[in-house]
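This report goes through one protein model part by part, with the sequence and the coordinates at hand. Please keep both in view while reading.

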Amino acid sequence: MNDAHLDQLRREVRSFLAEQLAAGTFTPSVDSWLCGWDENFTAALAEQGWLGMTVPAHYGGHGRSFQERFVVTEELLAAGAPVAAHWIADRQIVPSLLKYGTEEQKSTFLPRIVRGECFFGIGMSEPDSGSDLASVRTRAVRAEGGWSITGTKVWTSGAHRAHAFIVLARTEPVDPAHRHAGLSQFIVDLHAPGVEVRPIVSMNDGHHFNEVVLDEVFVPNARVFGEIGNGWAQVTSELSFERSGPERFLSTFPLLSQGIDLIAGQQGSPDGELGRLVARVAGLHHMSTAVAGALQRGETPDVPAAVVKVLGTTVEGDIADYADLRTGDDTQAEPGWGHLVSTAVDQRPGFTLRGGTNEVLRGVIARGLGMR
């Protein structure tokens, strides 16, 4: 991909964001990809052609590269723009549908995602399971014309507003010797009979997580996602998209950006810690860009993605700590600063948990490097 072309695209996105900020369309926020649900902003991005960028034209998309999508998403996150409504659908569901979906599934969902009209969640995690997806207890049993699913999913972002989510369920009894076998995925309508969405309210009264209870929810055969029994391989592939993106190191970037002008300016001298944070973010930018290139080539960069996630979510938390420790009465007076800091501190515990804990991902990295 031509660097000049990407630079021009970056300028276009920055210009769009400047116009939106000037119009008061949004206020920069921490964790905007998780908490900033704004369907009007999503519609505006769709009009620009910045949703479903990698979707082929015959499915209503734009046929653009992962590098182009990376540039757009990086600028949106750096600005703290409200992108949560479409985030999971655009980041994870689009490439998964293109890889594993049937023609009917692609034709049904992809054009709606591109238009900003269809929002998705992810049904992987379960109560008492932590990051151990092999311990999934949600079960899918065959029924006439489809499957009946019963179980509970937790930490399902946006389930109270989304249209559907992809559920990982056990379709065969557990084999202790092969715990990853017998898992399958299904596209489940979040408004179907038997689905109950229960809110999980954060300590700052925010509501973006949910518990989703499935009680004999019927899913037709047409909504089996991929192959029965291939769920583990499919989930592993999907996690490369979830773990390697710029959202894994830019959740607190609006805080860092304002901190450079606010805190460093007040000190009147170079701040070594601030410089180190900027350097770490810059390094992660290059690492994440490399993963985007690997995805463009059709590779499955699970180990590099895990590295980005571990290092990125760590620096996000360090940025929150840096700002919190240096926030005094003079900085609190700056418009919006106190809210950014308090939100970052509230959200900080989740940075290294969501998308797989850093402890689990270090195991992924160690095993992956050991096999090379």
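How many bridges join strand S1 to S4, and do the two run parallel or antiparallel? Strand S1, made up of residues 120–123, is joined to S4 by 4 bridges, and the two strands run parallel. The model in which this pairing is found is a predicted one.

## Strand S4 and its two neighbours

Within the pairing of S1 and S4, Phe-120 has Ala-164 of S4 as its bridge partner. S4 is also joined to strand S5 (residues 183–189), this time by 7 bridges and with the two strands running antiparallel. In that pairing, Arg-170 is found opposite Leu-183 of S5.

Strand S4, which spans residues 164–170, is mostly covered, with 7 of its 7 residues buried. In a regular strand, side chains alternate between the two faces of the sheet. In S4, Ala-164, Ile-166, Leu-168 and Arg-170 point one way, while Phe-165, Val-167 and Ala-169 point the other way, and all of these residues are buried. Ala-164, the partner of Phe-120, and Arg-170, which stands opposite Leu-183, thus both belong to the set that points one way from S4.

## Strand S3 between S2 and S7

Strand S3 (residues 146–153) has 6 of its 8 residues buried, and it is therefore largely enclosed by the rest of the structure. S3 pairs with strand S2 (residues 139–143) in the antiparallel sense over 5 bridges, and one of the positions in this pairing is given by Arg-139, whose bridge partner in S3 is Thr-150. S2 and S3 form a hairpin with 2 residues between them, and in the turn Gly-145 has a positive phi of about 80 degrees.

S3 is joined as well to strand S7 (residues 207–220), where 7 bridges connect the two strands and the direction is antiparallel. In this second pairing, Ser-148 of S3 has Phe-218 as its bridge partner in S7.

## Aromatic pairs and a cluster

The structure holds 9 aromatic pairs. Among them is the pair of Phe-16 and Phe-41, whose ring centres are 6.1 Å apart and whose planes stand at 55 degrees, so the pair is tilted; the angle stays below the cut-off for an edge-to-face arrangement, which requires planes over 60 degrees apart. Phe-16 lies in helix H1 (residues 3–22) and Phe-41 in helix H3 (residues 39–48), so that the pair links distant parts of the chain, 25 residues apart. Both Phe-16 and Phe-41 are buried, and together with Phe-26 and Trp-50 they form one aromatic cluster.

Another pair is that of Trp-33 and Trp-87, with ring centres 6.3 Å apart and planes at 45 degrees, so this pair is tilted too. Because Trp-33 lies in helix H2 (residues 32–35) and Trp-87 in helix H5 (residues 84–100), the pair ties together parts that are 54 residues apart in sequence. Trp-33 is buried, with a relative accessible area of 7%, and Trp-87 is buried as well, with a relative accessible area of 3%.

## Glu-117 in its loop

Is Glu-117 buried, exposed or partly exposed? Its relative accessibility is 42%, and because partly exposed residues lie between 20% and 50%, Glu-117 counts as partly exposed. Glu-117 has its place in the loop between helix H6 (103–114) and S1.

The side chain of Glu-117 makes a polar contact with the side chain of Arg-115, at 3.0 Å. When residues up to four places away in sequence are not counted, Glu-117 touches Arg-112 and His-163. From Glu-117 to Leu-190 the separation is 73 residues in sequence and 15 Å in space, C-alpha to C-alpha.

## The protein as a whole

The secondary structure of the protein comes to 13 helices and 8 strands. The radius of gyration is 21 Å, close to the 21 Å given by the globule rule for 372 residues, so the protein is as compact as a globular protein of that length. Taken along the principal axes, the C-alpha atoms fill a box of roughly 70 × 45 × 40 Å.

Of the 372 residues, 53% count as buried, and the accessible surface comes to about 16,000 Å², of which 53% belongs to carbon and sulfur atoms. Among contacts with a separation of 6 or more, 75% are accounted for by residues 24 or more positions apart.

Definitions and conventions:
Residues are numbered from 1 along each chain as its sequence is written. Side-chain values use heavy atoms; hydrogens and water are left out. Rings of Phe, Tyr and Trp (its six-membered ring) pair if their centres lie within 6.5 Å; planes under 30 degrees apart count as stacked, over 60 as edge-to-face and the rest as tilted. Buried means under 20% relative accessible area, exposed over 50%, partly exposed in between (1.4 Å probe, protein chains only). Two strands pair if DSSP finds at least two bridges between them. The radius of gyration is taken over C-alpha atoms; the globule rule is 2.2 Å times the number of residues to the power 0.38. Contact means heavy atoms within 4.5 Å. Accessible areas come from the Shrake-Rupley method with a 1.4 Å probe; for residues, only the protein chains shown count as cover. A polar contact is a pair of N or O atoms within 3.5 Å; within protein, one must be able to donate a hydrogen and the other to accept it, and residues adjacent in sequence count only if both atoms are side-chain atoms.
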